[in-house]
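Reader: I am new to reading structures, and I would like to take a careful look at a single part of this one. Could you take me through it slowly, with each term explained as it comes up?

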There are 2 protein chains.
Amino acid sequence: MGKQFLDITGQADAERKIRELSERLAERLASESEIVRIEDAPGRIASADIFSTLDIPPFDRATMDGYAVVASDTYYATEDNPATVVVKARIHAGDAPSVDVTQGFCTGISTGAAIPEGADAVVRIEDTTEHGNEVKIYRPVVPGENIMPAGSDIKRGEKIVKRGSVLTVRDTGVMAACGLTELEVRKKPRVAIISTGNELLMPGEILTPGKIYDVNLRTLSDCVRDCGSVPVSLGIARDRRAEIRDKLIEGLKMDVVLISGGTSAGGGDEVPGAIAELGDIILHGVDIKPGKPFVLGICDDKPVFGLPGNPTSALITFNLFVAPLLRRISGLDTQKPCRRMIARAACRIFSEAGRNEYVMVKLVPEGDKLLAYPVLSGSGAITTLAKADGYIYVEKGKEIIEEGAVVEVVSLTC
Amino acid sequence: MGKQFLDITGQADAERKIRELSERLAERLASESEIVRIEDAPGRIASADIFSTLDIPPFDRATMDGYAVVASDTYYATEDNPATVVVKARIHAGDAPSVDVTQGFCTGISTGAAIPEGADAVVRIEDTTEHGNEVKIYRPVVPGENIMPAGSDIKRGEKIVKRGSVLTVRDTGVMAACGLTELEVRKKPRVAIISTGNELLMPGEILTPGKIYDVNLRTLSDCVRDCGSVPVSLGIARDRRAEIRDKLIEGLKMDVVLISGGTSAGGGDEVPGAIAELGDIILHGVDIKPGKPFVLGICDDKPVFGLPGNPTSALITFNLFVAPLLRRISGLDTQKPCRRMIARAACRIFSEAGRNEYVMVKLVPEGDKLLAYPVLSGSGAITTLAKADGYIYVEKGKEIIEEGAVVEVVSLTC
């Protein structure tokens, strides 16, 4: 029962292979779209350009309370020698303008109201006095003054949302202004998640001797959701080739499959064999720690990721290898995630010499700095997850990070 | 029809009043909780401490594949002179251990399996050879070697989640390990949102002359959700005191009310009057630009915010005055939002001298710097929202920001 990997792959090589796979899959999935209501749009990806079908504002609009006039009536108005015009009507915001304005006449007008036909400027109420049906104007206005022309904000036919962009509250505001209530967005990739292990029970089941509760279905589901995808939990498979293969067949109805546990090269580890029965193993074993027993296969032209069963290792390999693929195929990779922080090593940190190592750290603010404390990750310790804020990368060959050294911490969750 | 505010409040004063209000409301709401399933927990606030009801691992657990032995049997084992013990059984991960180990005996054991009674160490398979029902051991082990003791990760009764903490994927992982499927979280505050204006139509309605589509119900709903609260849109009220009052009465069934539009001191602006009919006006008018016609009232001991109708002004006053209150009362304020960025002014930026001004900017990366370009925000321009990434604050009395000056940009949405 020796533990032999056929061929350990370097991390950069593994990342390159996964990038290539992402491109193919992204192309295929980019054509799948669905209609959502605008309130469900934030965070989704527009699957087509969106154009305004309206001018915004839809009409010439007053930007001040006052009087809509023919500007030339006011050209010689002064404090001492005001112009006088007759008020024909009052137009409030929301009124359909029903009168024309000609020389010698005006209408009262409210901010936001439509300018009546014939008027070409608005005199502010502060620059007037009203007497019966006449208004005296004490300051001249030029054509266009205090008017926002139709279409000056958004023109009919103007592109308001770009295909592929991640929709924000700002986009939905602009779409609302254009009267839109729904739009076409990319479908989210669906990700099947399977845990393997005879020792695993689902939370909520009764704990019996020798058993533990499964953690990975929970954490991987939450991580998949963070990557703009839909997790579909398929539950736990025993460490039997046939049972794993059956779950995998079910999983291949989705776009991507994640299996955790049973990925080593040892006797009881049936995941690589099950993948090989249904497709091809692309790589098995990566020279990182933790995370070495990582396996990547392709079945039905869909990526199947085998992650180590240890919850911390599962999360690290998810972050390194699965998250970039999911962000790429969901279309979220155009958005820079805020996932990297600069900190200083709080003490000497030792690393194994022969492997690229990911050291889990907890961040503690001190003054204006962040200190990174290493968190010991025992074999399968769950609390590592709860205590660590992220990890730092220690390259193969580097054995010590000195106290105070600047380190880049990658957040485990965004 | 003069536009007079009774009393313009300074921004710091307004913020202080809102902070006091937040504290009272937060205390009241902190006691309201609900049960959610663990998959819906990320982002919610734990309303009570959570303790483990289990030891994790629940039993002494092998961390290597090999043989569970009595350590003293191996003390004198060497390459040349191996110890020999008899294999009584094989224990796989998930098996309930059914045999005892005594001196001279052992069991085969897999990683993750429960250590049988009597054994106190695990010899790695690499350090053994098996012959029939005997195993030869070539390296000594000490008691405890390759065993993770019961409760060494999490002790029964240990606190695993602190009351008031924002739940992350890491917390849900630890809860899953403890077998939990649901938990008690704080109820999200419910926020009623009302738009006012005779000119407003709901997106989806047919556009008629003089009308425009409402934007604020949409953008404020999305912003409320970002602040950990539940938006409840009550639609549009005409500019009539009675209609606004009726909507406000409906809104007061929620925890907070937002009304946009109709907040000036002018003739057609009925929101301050409607608030005054049902409660008290705390402040009306703040010395910022844009955002001056901001009103805050208290009705039925609940905060009622009147925001300017202009979408950009509504969003800025939401960010300044409403978001901190919502984050406080929803419990999210313990989490530092990643909302501030450092940039450089891309050109000279001019500001009005007499008021604290918020200048909307677009951020454009250049090399390793971010350049902040001012975005002109016309009266009611919707596109300002779509173009701007955030705003910079220019204090009263400062009229010019020089090109290249370092500025802090506050993101409009997180």
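Reader: Which residue follows H3(B), and what is the sign of its phi?

Author: This is a predicted model, in which local features need pLDDT of at least 70 and side-chain atom pairs count only at pLDDT 80 or more, while totals for chains, interfaces and linings use all residues. Residues are numbered from 1 along each chain as its sequence is written, and chains are lettered from A and ligands numbered from 1 in the order in which they are written.

The residue that follows H3(B) is B:Gly228, and its phi is positive, near 70°. Helices (H or I, at least four residues) and strands (E, at least two) are DSSP runs, numbered from the N terminus.

Helix H3 of chain B covers residues 216-226, and nine of its eleven residues are buried, so the helix is largely enclosed by the rest of the structure. A residue is called buried if 20 or more other C-beta atoms lie within 10 Å of its own, exposed if 12 or fewer, and partly exposed in between, with C-beta atoms placed from the backbone. Among the buried residues of H3(B) are B:Leu217, B:Leu220, B:Cys223 and B:Val224, and B:Arg218 and B:Asp222 are buried as well.

What covers these buried residues includes helix H2 (169-177) of chain A, together with strands S13 (190-196), S16 (230-237) and S17 (256-260) and helix H6 (311-330) of chain B. Contact here means that the C-beta atoms of two residues, placed from the backbone, lie within 7 Å.

Strands S16, S13 and S17 of chain B also belong to an open sheet of six strands, with the order S16-S13-S17-S21-S20-S18 and mixed pairing. The edge strands are S16 and S18 (280-284) of chain B, each of which pairs on one side only; two strands pair if DSSP finds at least two bridges between them. Further inside the order, S17(B) and S21(B), residues 302-307, pair in the parallel sense over four bridges, and B:Val257 has B:Val304 as its bridge partner in S21(B).

Another helix, H4 of chain B (residues 241-251), lies across S13, S16, S17, S20 and S21 of chain B and runs at about 165° to S16(B). For such angles, axes are lines fitted to C-alpha atoms, for helices over the stretch in contact, and the values run from 0 to 180 degrees between N-to-C directions. Helix H1 of chain B (residues 11-30) lies across S18, S20 (295-299) and S21 of chain B, at about 145° to S18(B).
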